Amino acid sequence: MIISQTPYRVSFAGGGTDLPAFYREEDGAVLSIALTRHMYVTVSPRFDPSTRVAYTRTEIVDSVDELQHTIVREALRLTGLGRHLEVTTIGDVPAGTGLGSSSSLAVGVLLALYAYRGEVVSQHRLAEEACRIELDLLRKPIGRQDQYAAAFGGLNYMRFRSDDTVDVEPVPCRADTLAELERRALLLYTQQQRDADRILEQQSAGTGERRSVLRAMRDLAGEMRFALAGKGDLDRFAALLHEGWELKRSLGFGISTQSVDDWYAAARRAGATGGKLLGAGGGGFLLLLAPPERHTAIREALGKPRELPFGVDRRGSRIIFISDRYSF
């Protein structure tokens with residue numbers, strides 16, 4: 001039995017420039033961080049010569065090709081596994097909330113399946129193959145940042161090249177700066193889930209006419225990287241986060257909603273110095289930065305919504321359990 005643990009992510013700036021519609025013309029860039037909230041995948045032998053996959057539903061099939069779970073199906077095909085196998089997926093957070101869950105799943109499934117085969121694969125290979133599954137095989141209208149954030153973990157500045165390669169550059173950030181970022185951050189659930197694919201399809205189609213805004217968002221990711229590096233300036237970082245959200249909202253495409261705008265305005269009045277809606281937009285989690293002494297006032301102003309603790313996962317996707325006592 002193998003169990004993998006793969007982090008979700010928070011993207012601070014540059015989202016949209018990791019879409020092929022942008023980076024095929026000029027380099028894109030994103031600043032993101034992995035969270036201590038995870039996708040878990042178990043892979044274990046099955047006595048029957050069938051494949052069982054358990055998630056929000058359970059499938060038992062005689063052939064991998066019959067699976068309705070598209071990511072697991074393509075990962076099994078890619079690794080050459082399937083018969084006499086059970087795969088289970090469990091996420092700390094539901095899909096559609098802006099934390100990159102589908103890519104965390106793709107990376108975590110691949111890692112667990114390769115480990116089951118007794119193979120060690122690099123973080124780059126995991127991310128690249130997760131991209132192949134989601135973008136090339138399943139034709140999802142998504143970008144390339146989430147797969148790399150999930151595989152590598154930590155705080156990274158990523159560049160997206162026209163040949164589909166991705167450069168991952170860890171940000172040299174002090175431990176006390178990250179600790180202070182964790183103290184200042186609030187992750188609040190808007191109680192709205194959304195179809196990210198629809199928003200991203202619109203954004204890809206409209207990239208040409210909004211390229212100047214996307215370029216500014218890409219450049220902002222670089223500025224935010226320098227705000228966190230070295231001694232760290234979290235006040236500057238929060239101001240840039242706010243600037244980036246204003247740019248992202250200006251793109252349209254249903255990225256924000258009136259209720260999200262109202263929430264963000266109320267949070268700013270209560271003491272938030274910066275923030276953004278995570279993921280493609282339209283709902284999910286709202287990230288806010290504020291002095292810790294203002295957190296209670298912000299929660300009160302927003303009606304005490306559900307929230308997730310903000311913690312930094314520094315390790316990326318990994319195997320957390322191996323046992324061979326169930327082998328048949």
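Author: A polar contact is a pair of N or O atoms within 3.5 Å; within protein, one must be able to donate a hydrogen and the other to accept it, and residues adjacent in sequence count only if both atoms are side-chain atoms. This is a predicted model, in which local features need pLDDT of at least 70 and side-chain atom pairs count only at pLDDT 80 or more, while totals for chains, interfaces and linings use all residues. Residues are numbered from 1 along each chain as its sequence is written, and side-chain values use heavy atoms, with hydrogens and water left out.

Reader: What makes the pair S11 and Q145 a polar contact?

Author: The side chains of S11 and Q145 come to 3.1 Å, which is within the 3.5 Å limit, so the pair counts.

Reader: Why is S11 called buried?

Author: The relative accessible area of S11 is 3%. Buried means under 20%, exposed over 50% and partly exposed in between, with a 1.4 Å probe and protein chains only. S11 is therefore buried.

Reader: Where does S11 lie, and which residues does S11 touch?

Author: S11 is in strand 1, residues 2-13 (helices, H or I with at least four residues, and strands, E with at least two, are DSSP runs numbered from the N terminus). Leaving out residues up to four places away in sequence, S11 touches V30, L31, S32, Q145, K276 and L278 (contact means heavy atoms within 4.5 Å). The C-alpha atoms of S11 and L278 are separated by 6.8 Å, with their positions 267 residues apart along the chain.

Reader: Why does S50 count as buried, and what makes P49 partly exposed?

Author: S50 has 6% relative accessibility, under the 20% limit, so S50 counts as buried. P49 has 41%, a value between the two limits, and is therefore partly exposed. S50 belongs to the loop between strand 2 (28-45) and strand 3 (51-54), and P49 is also placed in the loop between strand 2 and strand 3.

Reader: Which residues do S50 and P49 touch, not counting residues up to four places away in sequence?

Author: S50 touches I60, V61, D62, G82, R83, H84 and L85. P49 touches D62, R83 and H84. The side chain of S50 also makes a polar contact with the side chain of R46, at 2.9 Å. The C-alpha atoms of P49 and A29, 20 residues apart along the chain, are separated by 45 Å.

Reader: How do you know that E307 is partly exposed, and what does its side chain contact?

Author: E307 has a relative accessible area of 34%, which falls between 20% and 50%, so the label is partly exposed. Its side chain makes a polar contact with the side chain of R299 at 2.6 Å. E307 lies in strand 11, residues 307-308. Beyond four places in sequence, E307 touches L186, L187, L188 and R299. The C-alpha atoms of E307 and C131 are separated by 29 Å, with the two residues 176 apart along the chain.

Reader: Why is C131 called buried, and why C173?

Author: C131 has 0% and C173 has 18%. Each value is under 20%, so both cysteines are buried.

Reader: How many disulfides are there?

Author: The count is zero, where a disulfide is a pair of cysteine sulfur atoms within 2.5 Å.

Reader: What makes phi of R139 and phi of K304 worth a remark?

Author: Phi of R139 is near 55° and phi of K304 is about 50°; both values are positive, and neither residue is a glycine. Most residues other than glycine have a negative phi. R139 is in the loop between helix 4 (123-137) and helix 5 (145-152), and K304 is in the loop between helix 11 (295-301) and strand 11. At 67%, R139 is over the 50% limit and so counts as exposed. K304, at 57%, is also exposed.

Reader: Why is G244 called buried?

Author: G244 has 13% relative accessibility, under the 20% limit, and so counts as buried. G244 sits in helix 9, residues 234-250. Its C-alpha atom is separated by 21 Å from that of I298, 54 residues apart along the chain.
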